[in-house]
Amino acid sequence: AGIEKWVIDSCGKIKYMFPKAHAAAYVISAFRIAWFKVHMPLAYYAAYFTIRAKAFDAEFMINGKRVVEEKMKEITALGNNAAPKDKDMYDDLELVYEMYERGFEFLPIDLYKSHSTKFQVEDGKIRPPLNSIAGLGNVAAESIYQARCEEPFECIEDMQARSKIGKSVTELLEKFGCLKGMTKSNQLSLFI
């Protein structure tokens, strides 16, 4: 077929040769991502945080640019002693900082409005999911989400029973203000 020997030898040594079509697909994908980042930034950030964020921690990321800057300085000060999770968080913090610089904000995490695992665009802002609370994993977040979709919670005890969550998860939700206005139990006191 007239193929030179070096091409045949290379094919025997290289398991995968990067074709031009593959490279073109990556470039097209990069253009699409850039277009969304410029023209539909909230959709871009919501999708990025949902799919790509490795260590999104609502405690540091949804409370404004100053908190983000402080956490970034803290991780930078650790230098080579920074844990892998801190390095992953730093990457997420950079994008959150960029988002704040562009004038976009987060809404608070809400027991009834936040999705279990997806960031959502709402009223020109981004609402973080329940699982963005450090310590509240995907299983607990999904359990709370499913229980609340069935019917509203009557009280904190009802939420714990129906969602099958413990005291530690309840404390995390309280810390983020998700349980404001909810009573501990639905039993009436005899001594009102």
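A pocket, as the word is used here, is an open set of grid points with protein on both sides within 12 Å along at least five of seven lines, and its lining residues are those with an atom within 4 Å of a point. With that in hand, the largest pocket of this predicted model turns out to be lined by Ile33, Tyr44, Ala47, Tyr48, Ile51 and Arg52. The space inside comes to about 160 Å³. Helix α3 gives the largest share of the lining, four residues. Sorted by class, the lining has five nonpolar residues, no polar ones and one charged one.

Two of those lining residues, Tyr44 and Tyr48, turn up again when the aromatic rings are considered. The structure holds 13 aromatic pairs. One of them joins Phe49 and Phe119, whose ring centres sit 5.5 Å apart. Their planes meet at 50°, and since anything from 30 to 60 degrees falls between stacked and edge-to-face, this pair counts as tilted. Phe49 belongs to helix α3 (residues 41-51), while Phe119 sits in the loop between α6 (84-101) and β1 (120-122), so the pair ties together parts of the chain that are 70 residues apart in sequence. Both of these phenylalanines are buried.

Tyr112 and Phe153 make another tilted pair, with 6.0 Å from centre to centre and 40° between the planes. Here, too, a link is made across the sequence: Tyr112 is in the loop between α6 and β1, Phe153 is in the loop between α7 (138-150) and α8 (156-163), and so parts 41 residues apart are tied together. The two partners differ in how much surface they show. Tyr112, at 37% relative accessibility, is partly exposed, whereas Phe153, at 8%, is buried.

Some rings go beyond pairs. One aromatic cluster takes in Tyr44, Tyr45, Tyr48, Phe49, Phe56, Tyr100, Phe104, Phe106 and Phe119. A ring can also have a charge for company: Lys71 lies over the face of Phe60, 4.3 Å from the ring centre.

Next comes the inside of the protein. In soluble globular proteins, nonpolar side chains tend to be buried together. The largest nonpolar core has 44 residues, and those touching the most other members are Phe49, Phe106, Leu111, Leu136, Met159 and Leu173. Two or more residues each are given to this core by α3, α4 (58-61), α5 (65-78), α6, α7, α8 and α9. The largest share, six residues, comes from α6. Phe49 and Phe106 thus have a place both in this core and in the aromatic cluster.

Finally, a few loop residues are worth a look. Asp123 is not a glycine, yet its phi is positive, near 55°. Asp123 sits in the loop between β1 and β2 (125-127) and, with 71% relative accessibility, counts as exposed. Lys164 shows a positive phi as well, about 60°, again without being a glycine. This lysine is in the loop between α8 and α9 (167-175), and its relative accessibility of 74% makes Lys164 exposed. Glu105, by contrast, is partly exposed, with a relative accessible area of 40%. Glu105 is part of the loop between α6 and β1. Its C-alpha atom is separated by 13 Å from that of Arg66, a residue 39 positions away along the chain.

Note on methods
Residues numbered from 1 in each chain as written. Predicted model: local features only at pLDDT ≥ 70, side-chain atom pairs only at ≥ 80, totals over all residues. Heavy atoms only, no water. Phe/Tyr/Trp six-rings, centres within 6.5 Å; stacked < 30°, edge-to-face > 60°. Buried < 20%, exposed > 50% of the residue type's maximum accessible area, 1.4 Å probe, protein only. Lys NZ or Arg CZ within 6 Å of the ring centre and 35° of its normal. 1 Å grid on protein atoms, 1.4 Å probe; cavity = no way out; pocket = protein on both sides within 12 Å on 5 of 7 lines; lining within 4 Å. Points joined across faces, edges and corners; volume = space filled by probe spheres on them. Nonpolar A, V, L, I, M, F, W, Y, C, P; charged D, E, K, R; others polar. Core = buried A, V, L, I, M, F, W, Y, C linked by side-chain atoms within 4.5 Å.
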